[in-house]
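Reader: I should be grateful for a close look at the surroundings of the ligand in this model. Please describe which parts of the chain form them, and then turn to any unusual backbone geometry.

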Amino acid sequence: GPLLVPLFGDQLTPDIAALRAVRPDDAILLMMEVADETTYVKHHKAKIAFILSAMRHHAGRLRDLGWRFDYVRLDDPDNEGSFTAEVARAVERRKPRAIHVTEAGEWRVRAMLESWRDRFAIPVTIHEDDRFLCSHAEFDSWASARKQLRMEYFYRDMRRKTGLLMADDGKPEGGQWNYDADNRRPAPSRDLLTPRPVRFLPDAITSDVLALVAERFADHIGSLDHFHFAATHEEAMRQQQRFLDEALPRFGDYQDAMLTGEPFLWHSVLSPYINVGLLDPLDLCRKVEERYLAGRAPLNCAEGFIRQIIGWREYVRGIYWHEGPDYARRNALDARRDLPGFYWTGMTDLHCLSQAIGQTIDHGYAHHIQRLMITGNFALLAGVDPYQVHIWYLEVYADAFEWVELPNTLGMSQFADGGLLGSKPYAASGAYIDRMSDYCGKCRYDVRQRTGENACPFNSLYWDFLARNQKTLAPNPRLAMPYRNWERMEPKERQAIRRQAANFLDNLG
Ligand code: FAD
Ligand code: SF4
């Protein structure tokens, strides 16, 4: 028989490792749209539509390249609904002599692939996914040599390894590794120069998928009305070009800024394409470097962008696999509250939250600071169960795959790993949000007040969070200053703040 090559929905590149190991005349590729994967958590409608459409387009591209295919559609009557059951059917049908597959992007599916070895009486080769710069072995050896796993040092190694933004003498371009200090500007007011991502009109394949998703996943979060995703490599390259031309030159400056009614600002909006394989992250970084060298993008913007990809993205993946499958259950601050219902509707009078959640429902997108400092910060301050927070992020963002979502959510944003990823919790009061956005001016609450009917809830929640977690967090030297400020307040004031927070939390529902 031939070789059987199952391909997953986040392996949409002709260069994927398992394909490089076989030849078109000797292999049958298998792509599967299975119910389990669309419902094990209730993904955003636009996320499901994006992935299914990208898969169908990718199958066409591979067919054009001469590959033979079994493509199992979600609405095929014989569809068994899971990867393992569909591979079993293909083994029956095609009588392959062996299976070649590229490793999965999460523990759950990894275990599935490993079970195939026992289940099918043919050899199963699991190829390492070499779309990443840093292999599992490399990360493990980096991590085991250190007490603290700081992204900054990992990132420097990746700069040296790729040569990106390195001067000839082995020093970083411009003399510094990191120009983040230049990247904290609040957004300017809205104007015609605010860049906008390309919106791709659905073709026949995407239209079919949109209809299927609207019918089958009506009870999932999200809207399809604003569906704008690229579905092919060519379209994703157009979005990449748009980013390089229009947004990169100010990417760094406004990376942390937030504006009412502007979901995208100077962000690339490329993560879904990078994560499923439609774009190559290293190639993108080289193009960003070229823009800098040609004088078309300043160093703080080029460096900031490259750091997100070869630094943060690679680093969180390393952490995910290094920490093991139980990482998802950590809860260092013992947070137990249920995630408030408005995370699924956006219906709240906290304007910053309604903006971040509203655009998430509309687009399956929010940028980093919205995820970290609005929805993430609120859940952290309110003491929401980090596992529930993790499931929400995994469901609602089009770019969410567990290897990248989990460490960002549970580690960076909820501090549930006790400080593996971040040296202190990303907890902030309303003042931070006011500084970085125009939200507070449009809100029914007053960001300068801590107590009283109109006080911004982030303020009392912030102090309440510190007070509640004093035993665990006060020894952290990076929190010495806020704890000193807390201790300096009159006892009456502290009491009033905690009562204000308790009242608000009681009414969260
Ligand atoms: P840009 O701002 O244009 O950044 C460029 C690229 O850098 C991104 O496309 C992405 O590939 C990479 N990147 C930036 N920051 C990170 C990071 N912290 N970790 C990994 N890659 C990064 N990113 C995901 O891809 N999937 C997720 O499920 C995800 N969940 C997150 C959950 C939380 C709570 C937080 C705080 C962050 C999460 N991120 C996730 C990281 C980041 O927010 C998104 O990558 C980014 O917002 C995607 O939008 P963009 O392409 O416009 O990014
Ligand atoms: Fe958010 Fe508070 Fe500002 Fe309102 S006042 S937008 S709740 S930070």
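Author: In this predicted model, ligand 1 is surrounded by 28 residues, and the closest of them are His 267, Ser 268, Ser 271, Gln 308 and Glu 405. Four helices each give two or more residues to this shell: H10 (271-276), H12 (299-323), H14 (368-382) and H16. By residue class, the shell around ligand 1 comprises 13 nonpolar, 11 polar and four charged residues. As for its position among the domains, ligand 1 lies between domain 2 (136-323) and domain 3 (341-506), because both give residues to the shell.

Helix H16 leads on to the backbone geometry. Phe 415 sits in the loop that runs between helix H16 (402-413) and helix H17 (430-436). Although Phe 415 is a residue other than glycine, its phi is positive, near 55°. Phe 415 has 26 other C-beta atoms within 10 Å, and it is therefore buried, the cut-off being 20 or more.

A positive phi also occurs at Leu 165, where the value is about 50° although the residue is not a glycine. Leu 165 belongs to the loop between helix H7 (151-162) and helix H8 (204-216). Leu 165 counts as buried because it has 21 C-beta neighbours inside 10 Å. Thus Leu 165 combines a positive phi with a buried place in a loop between two helices, and Phe 415 likewise has a positive phi, a buried setting and a place in a loop between two helices.

Note on methods: Residues are numbered from 1 along each chain as its sequence is written. Chains are lettered from A and ligands numbered from 1 in the order in which they are written. This is a predicted model: local features need pLDDT of at least 70, side-chain atom pairs count only at pLDDT 80 or more; totals for chains, interfaces and linings use all residues. A residue is buried if 20 or more other C-beta atoms lie within 10 Å of its own, exposed if 12 or fewer, and partly exposed in between; C-beta atoms are placed from the backbone. A residue is near a molecule or strand if its C-beta atom, placed from the backbone, lies within 6 Å of it. Ala, Val, Leu, Ile, Met, Phe, Trp, Tyr, Cys and Pro count as nonpolar, Asp, Glu, Lys and Arg as charged, and the others, Gly among them, as polar. Domain bounds come from an automatic or database domain assignment.
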